[in-house]
Amino acid sequence: MSARAAEGSTPKDEEEGATAATTTTTTSAMDAKIHVEDTSNTNGTTHVFNVEMARGAGEGDSAKDPPGEREDGEIYPDKTGKTMFDRYYLNSGKPIPPYVGLRGKSPAVTWVELFAQQQLPAWRPVITPAQVVLTLVCMGVAMLAVGIGCTVSTMGVVEAKAKYSHLPPPGSLTDFTDEQKSRYLQENGGYVVDLEIPIAEDMEPPVYVYYELTNFYQNNRRYVRSQSSQQLAGISVTPEVMAATCEPALYVTGSPNASFPSEGLVTPCGLQAWSFFNDTFEFSVLGAEQAGANESFTLPVDSSKISWPTDSSFLYGNVTAENFNVYPEYRGGATVTKPLNQEEHFMVWMRLAAKPSFWKLWGVVNERLEAGDVVGVRVLNQFNTYGFGGTKSVVLSTNSWLGNKNYFLGAVYIAMGGIFVVVGVVFQLAYWARPRRFGDHKHLSWNKSSLRLG
């Protein structure tokens, strides 16, 4: 029942509504009247706030007290965060009514209804312009610091790389095309090439040795599926089950053939294993002081622990290879002679790359390489990348806490940090140019419209 209806009611109406108690509060804040009505019924007490906007400004005491100055009739939260609801109930001794559910019939008992009506306990800070500017500038400075740290760390990484896939077979009088090189590898199995990698800066151990391939899509969907995890782990599995993923590299000739052991069943099967990288490298170093004497020394490369420890412990079992790249006419890449969980290079190869250009670890050099040294590499070139236009390279690199040389992460942090700082400064300048009083009601849309109409 509203306050106005109560004023014009008859005694009979008042007797029927004896259980209803009505309290009316009128305020001139923002030219509005607030009616607070307490209605008692069988379901308990319901409190209704009715906001009635005045027809014109200047009625009552609104001319004496500008909007937003009085605290006894604020409709919206004041500077302390209190609302009309808070002032009516807090410290008044009146019971706060229960929240009515979505359908308006029963109190809410689930967090879903409370969440839907935004009644869950929450932290609702009032953000000031100074806090926004301070947050932007602090975040920007933090990102700049991280970006500069990443960049400085990356600048300390030393790399040396030499490409060798373009070199022709030894003794050739002319350059070979990619088609001629591909045919040469198919007919002769491979050829030896010699490289020299000059060291421009000191390289502190450990120095990591990688081989690089380009235009090789290990992320191809069919290539990714072409392997049997059960077979690699040493779990017994039937050829029918492996055929779903390993074909066409399940049998040596593509189908069972009694002329081969186990009817030609390949272990490990699949295109991933069949294309195992089979170039080999031998390293030597010619020191700066021996450059005139033309003397070189063997550079040992440790390949004993280059795979992930979890690979040899969980993914690969004590599985012996069979019919695996041992027949030249059906060979795809290298074969293996040890159990799969001991073949470090094989386990590294089976860790698929996400991009068509990638590095894979070959070994680790535990000796210091000084500026002016020349590292000699003798490569047995067997892996055929010429049919798909790929290239091959040897890379020597040190490491940092971020890995190899890569400026991308540092550049992103520096760029984003710079943007945050600039935006924070622009916000502060804009606030200085056109400041606003905190909680100023004159910027509300209905106040702006009333000013335009007036």
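This briefing walks you through the confidence, the sheet and the packing of the chain above. The model is predicted, so let's begin with how far to trust it. The chain has an average pLDDT of 80, and 73% of the residues reach at least 70. After that we turn to an open sheet of 4 strands and a nonpolar core of 52 residues.

**Where to be careful**

- Residues 1-38 keep a pLDDT under 50, and the model gives them 82 contacts beyond four places in sequence.
- Residues 43-75 also have a pLDDT below 50, with 74 contacts in the model beyond near neighbours in sequence.
- Where pLDDT is low, the predicted coordinates should not be read in detail.

**The open sheet**

- If you trace the sheet across, its 4 strands come in the order S5-S10-S7-S8, and the pairing is antiparallel.
- Which strands stand at the edges? They are S5 (191-198) and S8 (297-298); each has a single partner strand, so one side of each is left without a neighbour in the sheet.
- Strands of a sheet pair through backbone hydrogen bonds, either parallel or antiparallel.
- S5 and S10 (residues 374-381) run antiparallel and are joined by 8 bridges.
- You can find two of these partnerships in the structure: proline 198 is bridged to valine 374 of S10, and leucine 195 is bridged to valine 377 of S10.
- S10 is also joined to S7 (residues 280-286), again antiparallel, through 7 bridges.
- In that pairing, look for glutamate 282, whose bridge partner in S10 is arginine 378.

**The nonpolar cores**

- The largest nonpolar core holds 52 residues, and Phe281, Phe283, Phe346, Trp349 and Leu396 have the most contacts inside it.
- Tryptophan 349 is a good one to click on: beyond its neighbours within four places in sequence, its contacts include Tyr211, Leu213, Phe216, Tyr223, Phe276, Phe277 and Phe383.
- The contacts of tryptophan 349 also include Gln218, Gln272, Ser275 and Lys360.
- Another core, of 6 residues, lies apart from the largest one, and Cys246, Leu250, Tyr251 and Cys269 are among its members.

**A closer look at serine 393**

- Serine 393 sits in strand S11, which covers residues 392-397.
- Is serine 393 buried or exposed? Its relative accessible area is 4%, so serine 393 counts as buried, the cut-off being under 20%.
- Not counting residues up to four places away in sequence, serine 393 touches Lys161, Ala162, Lys163 and Tyr164, as well as Tyr210, Tyr211 and Glu212.
- Tyr211 is thus a contact of serine 393 and also of tryptophan 349.

Key. Residues are numbered from 1 along each chain as its sequence is written. This is a predicted model: local features need pLDDT of at least 70, side-chain atom pairs count only at pLDDT 80 or more; totals for chains, interfaces and linings use all residues. Side-chain values use heavy atoms; hydrogens and water are left out. pLDDT is the predictor's confidence in each residue, from 0 to 100. Contact means heavy atoms within 4.5 Å. Two strands pair if DSSP finds at least two bridges between them. Helices (H or I, at least four residues) and strands (E, at least two) are DSSP runs, numbered from the N terminus. Buried means under 20% relative accessible area, exposed over 50%, partly exposed in between (1.4 Å probe, protein chains only). A nonpolar core is a set of buried Ala, Val, Leu, Ile, Met, Phe, Trp, Tyr and Cys residues joined through side-chain atoms within 4.5 Å.
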